[in-house]
Amino acid sequence: HVVALGRVVYVCVFLVPFRDLLLSVALGQVLSLLICGIGLTSKYLSEDFHANTPVFQSFLNYILLFLVYTTTLAVRQGEENLLAILKRRWWKYMILGIIDIEANYLVVKAYQYTTLTSVQLLDCFVIPVVILLSWFFLLVRYKAVHFIGIVVCILGMGCMAGADVLVGRQQGAGENKLIGDLLVLGGATLYGISNVCEEYIVRNLSRVEFLGMIGLFGSFFSGIQLAIMEHKELLKVPWDWQIGLLYVGFSACMFGLYSFMPVVIKKTSATAVNLSLLTADLYSLFCGLFLFHYKFSGLYLLSFFTILVGLVLYSSTSTYVAQDPRVYKQFRNPSGPVVDLPATGQLEPSVTYTSLGQETEEEPHVRVA
């Protein structure tokens, strides 16, 4: 009995957390591979076929989201119906849809003004944005090991940018560099806002609601932007089966990214997802070694493993969420009986620890001193 008990303890203490850690890192790398596919198809479209249509490409993705998730909401009954959601939160999702559209547009536009290396480095600005927004709005609290993991990931990204400089892979004109850098910072900020809002929605509402609303407002506003800014470029595209296949491949990867990201964010967090996505450029590079004959540097491998080490460090321990009992009373228990908190005495916030393991449906306990 003692031996059997020891085996159970070993599995629970060591094997289960290690399995969840590997699952967390692996899920993030699936997202990176999807972004790699998005980058490769975009590169073929723009360089080989001179189809510079970023707004149209995003529009195709939003249309797919609309057809799958918005129509799902439309046929639901009760409070989860499309019209019921629009009555309660339409303006919030409208703003979120515009933020998501412009985040994609600003970063793509930045490539016309600055270099690939600048985009890669400045795009990391999304990480501090997500951390700050998560701290103040989601009440996420980090431990020292999380900050160490974040720093290691960013060092790995810097190593990759240095390797690009050494092998002469600074793609982009580099003209009006300040404008390009500002566009990247603006896009990274909007990405951070979108990711944190996404984390809140998928944890407190539903993944289908988030994707359905993004599909609805994203297709509407990107369609308007397409008609105003990109209709002439679309007419110049030399349509054939190869270009059509590239558009299909891009849309499939983009749709997969949008559909799968809420799952990974709910399993981990917006911060962990953005750290995982740092490897996407390296996957694109490794593919480019064979497809576009890029020059190789050992620093790329060093960068890849450095980012992975940072991801493992960040995912090795859980963050926690501090809940103010007054906030809990107002938002987490709207339908239950209202229990007045004592007017005197110090309020002790409850602390809920997030886990990479199986989620429970239990509400966090509120303790009042």
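This passage describes the nonpolar cores, one buried polar residue and one surface patch of a predicted model. Local features were taken at pLDDT of at least 70 and side-chain atom pairs at pLDDT 80 or more, whereas totals for chains, interfaces and linings use all residues. Residues are numbered from 1 along each chain as its sequence is written, and side-chain values use heavy atoms, without hydrogens and water.

The largest nonpolar core (buried Ala, Val, Leu, Ile, Met, Phe, Trp, Tyr and Cys residues joined through side-chain atoms within 4.5 Å, buried meaning under 20% relative accessible area with a 1.4 Å probe, protein chains only) comprises 38 residues, and Ile127, Leu275, Leu278, Leu282 and Tyr300 have the most contacts inside it. A second, separate core of 32 residues includes Leu27, Tyr62, Ile101 and Val273. Beyond its neighbours within four places in sequence, Leu282 is in contact (heavy atoms within 4.5 Å) with Met160, Tyr300, Ser303, Phe304 and Ile307.

Asn195 lies in helix α7, residues 177-204 (helices being DSSP runs of H or I, at least four residues, numbered from the N terminus), and counts as buried because its relative accessibility is 8%. Outside the four places in sequence on either side, Asn195 is in contact with Val130, Met261, Ile265, Ala270 and Asn274.

Phe137, by contrast, belongs to helix α5, residues 126-137, and counts as exposed (over 50%) because its relative accessibility is 63%.

Note on methods: Helices (H or I, at least four residues) and strands (E, at least two) are DSSP runs, numbered from the N terminus.
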